[in-house]
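I am opening a fresh notebook page for this structure. My plan is to look things up one at a time and jot down what I find.

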Amino acid sequence: MNSRAIKSGEVVEAILAIEAMRPQPRFVLHLGAGDNALVSALRRRRCDGLGVDPASEEADVRGPIGTNQGERVPVGDGVADCVVMLGATTAGLDHAWAEIRRVARPGAHYLLSFGRVPTSAWCAARLTGATVSRRHPFVWGTIHA
Amino acid sequence: MREHAGDIAALQSGIRQRRPAPSGVRLWTADFDHVSLANFYRGRHAFLVLSGPSLLTHDLSKLSRRGILSMGVNNSWTVHRPTLWTCVDTPDRFVDVGWKDPGITKIVPVEHWNSRLRVALGEGRFRQSQFRVADMPGVLMYRRSDTFDHRSFLRADTISWGCATSATDSLGIKGKRSVMLAALGLLHYLGFRQVYLVGADFRMASDCKYAFDEHRSDQAIRHNNVLYESLDRRFHALLPEFAKAGFNVYNCCAESGLTAFPKIAFDEAVERASAECSKPVPTDGWYEPAKEKKR
């Protein structure tokens, strides 16, 4: 995860992607929430959630997001219907993936975006059944138990 | 089962007009389903029933009139049975009869959802109740914020009740939390725009504590009086934000130490709040088909 600011267009695209998910998530966890814009917007659209960020005072929870070795996201097991990480790096996500699986309910969705389109080979190796959008670039799918 | 066609059409029409909620605050049921009740009461009046001894100087039966809604806090529900109620402290501090009353919608910090209640045995003795908050009827839960910033108080996605003991707020005030902040935040979120404070004495003394029997040590009384001063400063700072939001707060306690809000006589507040629903209603003819042209 890099520390870049999340672009508003990216938040809008993420909202659209989350609203298109079936079943619709009711509780979204945003790792690297920045100014909490995504969760804040979701709350006004029939969803709730928590934003976690290691550096932002505006996030709901200030804490690690699992992108470094051994970090634990300050959220309980099996809470989220959808876990979002925008601006991920493949290296950071390699560390964070176990934490994403831990905090997600079985069958939960994930929605990831990268600074650039990740290689299909990288996604295929790690994110079974993921859909890669080349337009955004978002990657999403379902977390299996 | 076939649904009523008119309901389906109206539902679709309503959904097409749906806009994002004006607030990010979401309330959770005891089964952890969440809902937005932003603007639920659409600009109406509410009485906020606090716990000061001046509460007993008013004819509170007037709060049962048509058109009037009250929100209680803490054990003020032992003096007046409100429609809505809220707290911030642990639930076992509040009389269990209120918790069990289905006529009172209780809006409670989500932290307390699994907390046990207490039952009074008499002579100052208590035992733990077999019931928890989530077992009670009419419970909705909200998320609190441990920070206070007067500029964002009405716009935050959580309900502020002041600052954690070690933290300093936007006015330089350290600590100081109160259920009254949470109650006003909730009333604004629910859409009330005229709020009348009852029992907001903002002065405590050893012989003048609450509208109900309750012991307070000298230290606790000093603490409360310091808290009132800090709250008054916060409310003064909030006034421009309240004005921008069209959120008007009046104080029905003539001798109150709270100076931020204009005073109003309790009876006048009752008249204002009940005006919309106070006219006599002839009942004849309401079940006949309407003859007026529908717009």
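Here are my entries, chain by chain, with the contact between the chains at the end.

**Entry 1: confidence**

I remind myself at the start that this is a predicted model. For chain A, I looked up the mean pLDDT and found 86, with 86% of the residues at 70 or more. Which element of chain A has the lowest mean pLDDT, and which the highest? Helix H4 (residues 120–126) of chain A is at the bottom with 69, and strand E1 (residues 27–31) of chain A is at the top with 97. A note to self for reading on: where pLDDT is low, the predicted coordinates should not be read in detail.

**Entry 2: chain A in outline**

I went through the secondary structure of chain A and noted four helices and seven strands. Read from the N terminus, the elements follow the pattern α-β-α-β-β-β-α-β-α-β-β. Chain A has 145 residues, and 44% of them count as buried. I also looked at contacts in chain A with a separation of 6 or more: residues 24 or more positions apart account for 58% of these.

**Entry 3: the sheet of chain A**

In what order do the seven strands of the sheet in chain A stand? I read it as E3-E2-E1-E4-E5-E7-E6, an open sheet with mixed pairing. Its edge strands are E3 (61–62) and E6 (131–132) of chain A, and each of them pairs on one side only.

**Entry 4: strand E2 of chain A**

I then stopped at strand E2 (residues 48–53) of chain A. Six of its six residues are buried, so the strand is largely enclosed by the rest of the structure. Which way do the residues of E2(A) point? A:Asp48, A:Leu50 and A:Val52 go one way, while A:Gly49, A:Gly51 and A:Asp53 go the other. That fits a rule I keep at hand: in a regular strand the side chains alternate between the two faces of the sheet.

E2(A) runs parallel to E1(A), and five bridges join the two. I picked out two of the partners: A:Leu29 has A:Leu50 as its bridge partner in E2(A), and A:Leu31 has A:Val52.

**Entry 5: chain B in outline**

Turning to chain B, I noted five helices and 13 strands. How does the radius of gyration of chain B sit against the globule rule? The radius is 21 Å, close to the 19 Å that the rule gives for 295 residues, so chain B is as compact as a globular protein of that length. Along its principal axes, the C-alpha trace of chain B spans about 65 × 40 × 40 Å. Of the 295 residues in chain B, 36% count as buried. Among contacts in chain B with a separation of 6 or more, 57% come from residues 24 or more positions apart.

**Entry 6: helix H1 of chain B**

Does the length of a helix come out as expected? I tried helix H1 (residues 5–17) of chain B, where 13 residues at 1.5 Å each should span 18 Å; the end C-alpha atoms are 19 Å apart, which agrees. H1(B) is hardly covered, with a count of zero buried residues among its 13.

**Entry 7: the sheet of chain B**

Nine strands of chain B form an open sheet, in the order E2-E1-E9-E6-E5-E4-E3-E12-E13, and the pairing is mixed. Strands E2 (34–35) and E13 (248–251) of chain B are at the edges with a single partner strand each, so one side of each has no neighbour in the sheet. At the E13(B) end, strand E12 (residues 194–198) of chain B runs parallel to E13(B) through four bridges. There I found B:Gln194 opposite B:Asn248.

**Entry 8: strand E9 of chain B**

I followed strand E9 (residues 139–142) of chain B to both of its neighbours. Strand E1 (residues 27–29) of chain B is antiparallel to E9(B), joined by two bridges, and B:Trp28 stands opposite B:Met141. Strand E6 (residues 105–109) of chain B is parallel to E9(B), joined by four bridges, and B:Ile107 stands opposite B:Leu140. Are the residues of E9(B) buried or exposed? All are buried, with B:Val139 and B:Met141 pointing one way and B:Leu140 and B:Tyr142 the other.

**Entry 9: where the chains meet**

How many residues does each chain bring to the contact? I noted six residues from chain A and six residues from chain B. The chain A side has five charged residues, one polar and no nonpolar.

Definitions and conventions
Residues are numbered from 1 along each chain as its sequence is written. Chains are lettered from A and ligands numbered from 1 in the order in which they are written. This is a predicted model: local features need pLDDT of at least 70, side-chain atom pairs count only at pLDDT 80 or more; totals for chains, interfaces and linings use all residues. A residue is buried if 20 or more other C-beta atoms lie within 10 Å of its own, exposed if 12 or fewer, and partly exposed in between; C-beta atoms are placed from the backbone. Two strands pair if DSSP finds at least two bridges between them. Two residues are in contact if their C-beta atoms, placed from the backbone, lie within 7 Å. The expected span of a helix is 1.5 Å times one less than its number of residues. Ala, Val, Leu, Ile, Met, Phe, Trp, Tyr, Cys and Pro count as nonpolar, Asp, Glu, Lys and Arg as charged, and the others, Gly among them, as polar. The radius of gyration is taken over C-alpha atoms; the globule rule is 2.2 Å times the number of residues to the power 0.38. pLDDT is the predictor's confidence in each residue, from 0 to 100.
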